[in-house]
Amino acid sequence: MVDILSTRLQEVYAKWETRTEVSRNPESRPARFSIEELRRTGQQLYRKRIQNREQARKLRESSLYQIKENKPLQPLVPEKQSFLHYCCNSCTPSSRNSLVNTVSKQYMPYGLNILVINPGSSLFSKLYCCISHVYNFKEYAYPRVTQTVLADERLKEAIKLTAWETVTNERCSEKVALAKAKARAKTIISQMESKISNVLLKILAWILYKLMPCFIQSAVVLPSQIEMLKKANETGLPLILIPLHRSHLDYVMISFIFLMNNIRNPLIAAGDNLKIPCVGRFLRGLGAFFIKRRIDPVVGRRDILYRATLHTYIMESLRAGHNIEWFIEGGRTRTGKPCMPKAGILSIVLDAYMDGIVEDALIVPVAMNYDRLVDGNFVREQLGQPKEMETFVSTIKAIWSTLKGNYGIVKIDFSQPFSLREMLKSFQNQQNKLAAGKVTPNDRPLKSTMSSSSLYGTDIVAEEYRQLVDSIARHIVYDCASLMPIMSTNVVAFLLLNKFRDGCTLDDLIKAFDLTRQELEVRNRDIAFCGETIDIINHALDILGPGLVQLQRQEITEIVDGQSIKSNVVTAIRPVSILPNVIELSYYSNTMLTCYVMDSIVVTALYAELQSQINDPVAIAQNNITVSQDLLVQRSLKLCDIFKYEFIFCKPCQDLECVIEETIKNLSYTGIITLQEECYLQEEMWSKRYARNFDDSSDEEHFKENRAKDIQYKLNLVPEYAERMEFLHILLRPLVDTYSHSAFTLRKLVGRSLSERDLVHEVLSELKTNFDRGLINYGESLCVDPIKNSLKLFEKWNVLECHPQENVRIFYLKDEYDADSAVTKVHDTIATFKWTKNPN
């Protein structure tokens with residue numbers, strides 16, 4: 001009866017909604033919630049309202065300022081995200097108000113399939129709609145900059161330096177060395193340069209229109225974002241497109257979208273591994289310029305001439321009015337999570353602005369996602385096997401295999417472009433504020449000097465400049481990750497690996513899917529699927545295939561009068577959790593991990609902090625397990641430090657501690673923890689954070705003597721909330737296992753050294769042994785990328801030291817850690833977060 005009433009109410013509401021003319025968000029997603037979902041949401045909002053009211057009451061009673069008793073403080077209401085992905089309001093407030101105010105608001109909540117062509121009015125366009133459509137694409141002039149690059153003073157200086165090195169090393173004459181350097185510079189630029197052609201771009205568009213429907217159901221983009229890009233293209237400023245890299249299809253899709261919407265196509269930075277016969281020439285005609293995967297042929301010895309040529313080529317391309325596109329991660333992600341940025345090309349773009357070559361540039365973060373990865377998978381590489389290099393034959397085989405597959409939906413999202421000049425000035429102001437009282441901003445202006453030896457634009461790179469470039473790069477990656485479309489396969493893989501690892505029924509999966517979908521909508525994430533939940537899940541299971549997810553129909557029988565009678569048939573769904581399949585499934589799951597990473601960080605830190613209480617029967621019986629917010633924040637900060645090469649937890653313009661505190665507060669709204677007591681005033685909390693900037697022992701002693709009571713949270717032991725907490729804790733457990741075993745393997749470096757390859761294989765072997773013994777429950781822990789990131793962490797902690805030797809990285813322990821006891825302490829620091837609650 002309740003379901004009937006709920007359905008009728010939804011129908012009445014839908015009819016009323018269509019008849020009204022209330023102004024609504026044109027591309028918001030109309031959500032339909034069940035009675036259970038509405039009840040859960042109502043409880044969370046009610047709990048949040050009660051806590052805010054109680055905090056306001058305590059603040060009024062104890063505040064030193066006069067506050068009217070009849071006017072409670074209003075809690076901050078988060079801003080509702082609009083139909084566009086806006087740029088940062090803190091760093092680029094002016095850009096936030098540009099380009100979007102003239103964008104028309106089409107009602108297309110899930111975007112437009114760009115593979116569908118609407119025929120024109122003429123007879124020719126109706127008969128040959130594809131050819132007519134491609135023929136009418138706008139053509140742009142794409143000037144070549146080869147001669148300008150060779151005539152640049154920067155490159156000439158680099159040629160002289162290279163010739164001088166040749167004279168010193170080879171004992172030849174200066175004239176011969178100079179001729180060699182000039183000839184090499186011409187060779188570098190000829191192998192690097194793009195030869196973008198309008199004809200080849202149109203041929204590409206025709207090929208994609210014909211072939212892509214063979215293996216992709218739809219390629220979706222929001223029309224409002226396209227209109228925004230058209231407005232940006234009309235400004236005359238170069239567009240700097242910075243997408244996250246998941247597939248070789250990424251740059252093809254972006255060029256295709258720009259071409260079909262008459263936007264100037266960008267020059268695309270591509271690895272020289274793609275410079276293979278025929279394919280490389282075709283890519284060069286589509287705008288690719290090729291960069292060596294390893295710029296310096298010998299580790300520790302800089303290739304001055306190559307760096308100067310690349311630097312000058314990009315600078316002159318920007319001067320000529322080209323748009324530029326590159327993948328800031330440096331390569332395709334092997335794990336499904338965004339990689340840490342490589343900011344070399346970004347530093348050149350900054351140099352172009354700071355040297356006055358361009359007036360400004362518009363940065364456009366881009367993210368695209370696939371129901372199923374077109375490139376196959378990266379399981380071999382994650383298990384430590386070498387990457388297979390691309391060849392002409394392998395490329396043809398891959399294309400043929402792709403055309404026979406079903407890869408579902410592709411979704412492309414473009415963020416609001418922001419001004420590079422405004423972002424740069426914002427971070428410069430932040431640096432100047434940090435330096436206040438030490439050096440005035442006028443005494444150390446951040447300027448770029450001409451250079452031929454550094455992609456960062458200075459011969460001796462100032463640390464402030466390096467940090468500034470890195471901060472902008474991290475901000476862009478964070479924006480791209482927030483922009484990432486969430487596909488149905490991501491949600492299904494995420495739930496199967498972290499909630500239903502032992503299997504579930506289709507009904508259970510539908511219920512969990514609906515709740516996750518609701519959470520994603522609350523978090524303002526881009527959901528790239530629509531329709532009935534059962535249809536969405538069946539689509540995702542079909543795309544993932546039997547190699548990753550197993551389906552089994554089971555009959556449920558009941559015994560009536562001594563006879564077995566079939567009462568129902570259910571579908572059991574189970575993830576394939578054996579190696580190597582589980583690594584591929586985790587790739588799709590990890591896209592969702594960035595949505596929940598802060599919640600998982602706090603809950604994992606909570607487990608580590610309360611490990612002596614959660615399993616204590618007395619504390620459980622008394623229902624009195626509490627935790628201090630300060631201690632929880634410190635644990636969370638430590639865990640963030642451990643995983644700082646895995647995730648970018650917040651924008652560089654945000655304070656990580658404040659983000660953690662906000663996450664704790666949000667968890668209290670969900671009921672996992674309950675606010676026990678709060679005796680800090682708002683002013684005291686600000687003063688407490690401000691006092692941490694001073695390192696004076698007398699001040700610290702005075703602060704300890706006069707400190708107010710800490711904020712305490714009580715753990716909710718109700719099974720529903722305990723299950724939710726365990727779910728959030730499991731999300732990071734595979735990474736904790738990888739890092740702890742990596743730290744444990746450091747014992748094998750005591751008194752000896754190993755190459756990076758051998759050390760990584762030692763860690764993989766240790767993980768595989770423990771997985772076979774059942775000591776590790778998660779096969780996705782056996783991945784090379786997290787192992788390499790853990791070694792970076794140990795280098796940062798000054799535990800490991802690395803020296804290059806004939807292009808091989810050799811690791812050994814620092815003197816103070818070259819003992820079993822010291823390595824054990826490092827392992828214990830990470831293993832603290834490995835602890836789990838005992839099963840009931």
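This briefing covers two helices and the internal cavities of a predicted model. Local features need pLDDT of at least 70, side-chain atom pairs count only at pLDDT 80 or more, and totals for chains, interfaces and linings use all residues. Residues are numbered from 1 along each chain as its sequence is written, and side-chain values use heavy atoms, with hydrogens and water left out.

**Helix α11**
- Helices here are DSSP runs (H or I, at least four residues), numbered from the N terminus.
- α11 takes in residues 249-260, and its end C-alpha atoms sit 16 Å apart, in agreement with the expected 16 Å (1.5 Å times one less than the number of residues).
- Twelve of its twelve residues are buried, so α11 is largely enclosed by the rest of the structure (buried means under 20% relative accessible area, 1.4 Å probe, protein chains only).
- Right after α11 comes N262, with a positive phi near 60°.

**Helix α32**
- The 13 residues of α32 (784-796) reach 19 Å from first C-alpha to last, close to the expected 18 Å.
- Its buried residues include V784, P786, I787 and F794.
- N798 follows α32, and its phi is also positive, near 60°.

**Cavities**
- There are five cavities of 30 Å³ or more (sets of points on a 1 Å grid over the protein atoms alone where a 1.4 Å probe fits but cannot get out).
- The largest has a volume of about 340 Å³ (the space filled by probe spheres set on the points, which are joined across faces, edges and corners).
- Of its 28 lining residues, T335, S586, Y587, N590 and E780 are closest to the centre (lining means an atom within 4 Å of a point).
- α22 gives the largest share of that lining, eight residues.

Notes: Helix = DSSP H or I, 4+ residues; strand = E, 2+ residues; numbered from the N terminus. Buried < 20%, exposed > 50% of the residue type's maximum accessible area, 1.4 Å probe, protein only. 1 Å grid on protein atoms, 1.4 Å probe; cavity = no way out; pocket = protein on both sides within 12 Å on 5 of 7 lines; lining within 4 Å.
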